[in-house]
Amino acid sequence: MDYFLQQLINGITLGAIYGLIAIGYTMVYGIIGMINFAHGEIYMIGAFVSLIGFLLMGALGISYVPLALFLVLLMAMLFTAIYGWAIERIAYRPLRGSFRLAPLISAIGMSILLQNYVQVAQGARVKPLQPIIHGGFELTNGGDYHVTLSYLQIIIVALTVTLMAGFTFIITRTPLGRAQRATEQDMTMASLLGVNVDRIISTTFIIGASLAAVAGLMVTLYYGVIDFYIGFIAGMKAFTAAVLGGIGSLPGAILGGLLIGLIEAFWSGYFSIEYKDVAAFSILVMVLIFRPTGLLGKPEIEKV
Amino acid sequence: MAALPALPPSALAAMLKDSLAAAVVAALLAAPLLGLRLVDSAQGLSLATRFPWIAYAAAAVFCGRLALSLAGASLGRRLKSRPQTTLPLTKKPSNTRKIIGWVLIVVALVLPWLPFADRNLVDKATLLLIYVMLGWGLNIVVGLAGLLDLGYVAFYAVGAYSYAILSQTFGLSFWICLPFAGAAAATFGMVLGFPVLRLRGDYLAIVTLGFGEIVRVILLNWADFTGGPGGISGIARPSFFGLPFKAAAGPGETTFADFFGLTFSPLHRIVFLYYLILALALATNLFTLRIRRLPIGRAWEALREDETACRSLGINPTKTKLSAFAIGAMFAGFAGSFFATRQGFISPESFSFIESAIILAIVVLGGMGSQIGVVLAAVLLCGLPEWFRDLQQYRMLAFGGAMVLIMLWRPRGLLASRDPTIRLPALPDAAP
Amino acid sequence: MTRPPLLAVEHLTMRFGGLFAVNDLSFTAYQNEITAIIGPNGAGKTTVFNCLTGFYKPSVGRLTLSRPDGRSHLLERMDGFRICKDAGVARTFQNIRLFSGMSVLENLIVAQHNRLMQASVYSIAGLFGMARYRNAEAEAVELARYWLNKIGLTAQADWAAGALPYGSQRRLEIARAMCTRPAMLCLDEPAAGLNPRESQELNDLLLDIRREHGIGVLLIEHDMSVVMQISDHVVVLDHGAKICEGRPADVRADPAVIRAYLGPPDDEDLPPDIAADLDSGEAA
């Protein structure tokens, strides 16, 4: 029972991280109908910038943890957002009118470019980080197995929930969100009504990138080690989460993320750790075959 | 060289402002990852500064952007114009292409006999031909049928591993194992394809990518069957239809060298392998050229153009897509067997997503559907990096960048135009 | 005179959530006749087509196609592509769906895919260049040539289909549908965007098709000159239901049809006291 509880806690934490990345995929897909293949790399860049940020804090002598955390968060979100914006401007916007596969191939190229850019710029070895946030609660009831709920895990989930609430508010209550939803539904009509479609799309990318940066920061703290390849695997799983939850749906992305996180935690906890990635990919295949619209998505009717 | 058009100062000012803005963005992008560097040391990580790099990046972007804007009339306008959405159709049968094709074939045939040809060159050419064959195979799936397969490497792996396991367990020769490996890959293709082929382009891409990864992970972990990370080694080397390429003959066998009265040289096997892959690749090419003119080939291209219209004409989209997938997989399987027998050893490392990406890049860069384009792209993407070995670490970086640039500049590939598969024959008694 | 039925639509209903796009529609289209389905926008005409041709699964209803050779098919149960392949129903689209990157001739050859596939025995006969396939291909080219002559595009046979002018593209789409040797041809607004001369050419083409090929034609159309000139039978829909059916002249004069297109007469729906005022005013 204790073991189960621990896996549950781990799964929810992991799920929050995947959910944040998944939001980026789902928002971009919702608005321009393409899979941003390079989004995983954005998350990876977020992780690297966070790591550099922490070292910078150390070098600058800022040792008060909450302040350092806040500054690194800002720094990661800012720089990653610029990357997200730049990628859209360079690799996707010019291809908006082109045939279906062009933006996807461009995205794949971008993904490879970014991976290797970081590899060349920062070296191919894994980068470890000393744990910054220590401690947590022990939740055991006297069994052999100690169930811990660390402060970090609480922070991760709390931050995710806050961000989620914040962005849902933005999407549903603000003019920006309205414009975004209008562009999602009918880009031509929205632009005819005076919505600056280019800016809305850029904003979508920026929001997605910022959230991915937060995920990157959390992963850096949580696992303590990152490398330039984490974007690929996490990207696949986050995309699976987005599809599982229903592509285009914000709550769906979080729900999907949670499910994927839980499945991964329980799979590696109870079955085998080697095949945990396979579990995620297989879920993707299953979902796309049996329920392509996902759990919370709307069915698409083909217009003839 | 055309003279630069005289620019009004306001236009120049606008260009400078725009380039400056781009440079600022570049500086911001470069600041965290180029300006600062993580340094590994015994005490853990620390930071080193590399601020000049930020300046270099900004300067490079500034100059590049300005140059692009100044190139102005033709280039700039072309970049902003809508990329063409349909392939141009050639009006008359293209003779240039045919001539180039034959020249390439002749060069390929005589390559090992050229004066400057050494073992290294033939080896590299063999590697290049593997990619060309894989490119031609994927061309059937992506170029003709328009199915974006990001997991093509899985079929390559199935072919290689089937061959390895068959040849080791049953001791069968290459020529017998080859069709089995192709059949295994084709079957795999059908099993994989059947549930997913009704998915739309983007989704299909991701799912096939997932499959590729699943296959790799299974190969890595199912050690009993596949040898795990160590792979399978000691795969039988190829023989010349029964004559082994050995220095000394074992009991009761004649070596290739003895049979033809030549002094043994390791070059014999290398050259044989080269002609083997050349034959396989040319077979793939010939098959593709023929199948385009058959109903199934046309159906593939029609499916790529408009699936709804195909359904309304009575074409079964699922069966048609499945056949493209399976046939493409079969050729990957053949290539995989060749790879296994050439190396003598295979491991899951050779079958990662990057290989799929490279093969896809070859097809896309060359021009989807263009056979010669694939050759050209393979030479550019695989040949050139071999010559620039010392810049190895920048190879993948340039590769990714090239993919993006090609999509921006020529989304349809370098040699993008389509030869119609059938032309209306003139009536024998047609009036002039 | 008994008219052999071609398509019997019985109680066709298509529901999208709470919206009834088509509500209990029944009519019959006959062989050797041109049947037009007309009605104001939003009446459900294209929905009917989509149900007939397999793009939607009807919520309720039976669609029976009876071929001249006696075979009949239930369209509502068939897979999309089988409706053309087995039942012989070919269609064109409101927004032209040609294979723009392929040549005009190729478009017509692709339409004959199933025949050619049979002749090539899963491409094996084709790969080896066997006579069986070569003959079948030559036959296919001849059929294509016949239609190219009919629609006047012989000189453009090797052009990219997307390069043709709009009117030619529409005609090509019809020719392509005819190359599938259908039992019934469904045309979705074939005259849309055509000028009067082109509409006349379209009429001639359709009359020719009906006369020489003995198939039934079902068409959705807004252009009354086309409908009135060539249809043998007209079905009028409004808000998903049939409001009239009959010969063109009869339908044109039907008050329900006029009401659907033009709205109610001006003096209807007036409050009774004002209507009485008007009446007394007129009488006085």
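Biologist: Before we look at where chain B meets chain C, what puts two residues in contact here?
Modeller: Two residues are in contact if their C-beta atoms, placed from the backbone, lie within 7 Å. Bear in mind that this is a predicted model.

Biologist: Thanks! So how many residues does each chain bring to the contact between B and C?
Modeller: Chain B brings 31 residues and chain C brings 32 residues. On the side of chain B, the elements giving two or more residues are α10 (267–292), α11 (295–305) and α12 (307–312).

Biologist: Which of them gives the largest share?
Modeller: That would be α11(B), with seven residues. As for the make-up of the side of chain B that touches chain C, there are 16 nonpolar, six polar and nine charged residues.

Biologist: Let's stay with α11(B). How many of its residues are buried?
Modeller: 11 of its 11, so to speak a mostly covered helix by the burial cut-off of 20 or more other C-beta atoms within 10 Å. Among the buried residues are B:Trp300, B:Leu303 and charged ones, including B:Arg298 and B:Glu301.

Biologist: And what covers them?
Modeller: Both chains take part: the cover includes α4 (119–144), α10, α12 and α13 (317–343) of chain B, along with α3 (104–110) and α4 (113–120) of chain C.

Biologist: Switching topic: in the largest nonpolar core, which residues touch the most other members?
Modeller: B:Met133, B:Ile362 and C:Val89, in a core of 313 residues. Helix α1 (residues 2–32) of chain A gives the most to this core, with 16 residues.

Biologist: What is B:Met133 in contact with, leaving aside its neighbours within four places in sequence?
Modeller: With B:Ile277, B:Leu280, B:Ala281, B:Thr284, B:Phe331 and B:Ala335.

Biologist: Now B:Ala185. Is that residue buried or exposed?
Modeller: B:Ala185 is buried, because 32 other C-beta atoms lie within 10 Å. The residue sits in helix α6 (residues 174–196) of chain B.

Biologist: Which residues does B:Ala185 contact beyond its neighbours within four places in sequence?
Modeller: One group is B:Phe155, B:Val158 and B:Gly159; the others are B:Ala329, B:Met330, B:Ala332, B:Gly333 and B:Gly336.

Biologist: And how far is B:Ala185 from B:Arg37?
Modeller: Their C-alpha atoms are separated by 45 Å, and the two residues are 148 residues apart along the chain.

Biologist: Last one: what does chain B look like as a whole?
Modeller: Chain B has 16 helices and six strands, and 45% of its 432 residues are buried. Of the contacts between residues at least 6 apart in sequence, 76% join residues at least 24 apart.

Conventions: Residues are numbered from 1 along each chain as its sequence is written. Chains are lettered from A and ligands numbered from 1 in the order in which they are written. This is a predicted model: local features need pLDDT of at least 70, side-chain atom pairs count only at pLDDT 80 or more; totals for chains, interfaces and linings use all residues. Helices (H or I, at least four residues) and strands (E, at least two) are DSSP runs, numbered from the N terminus. A residue is buried if 20 or more other C-beta atoms lie within 10 Å of its own, exposed if 12 or fewer, and partly exposed in between; C-beta atoms are placed from the backbone. A nonpolar core is a set of buried Ala, Val, Leu, Ile, Met, Phe, Trp, Tyr and Cys residues joined through C-beta atoms within 7 Å.
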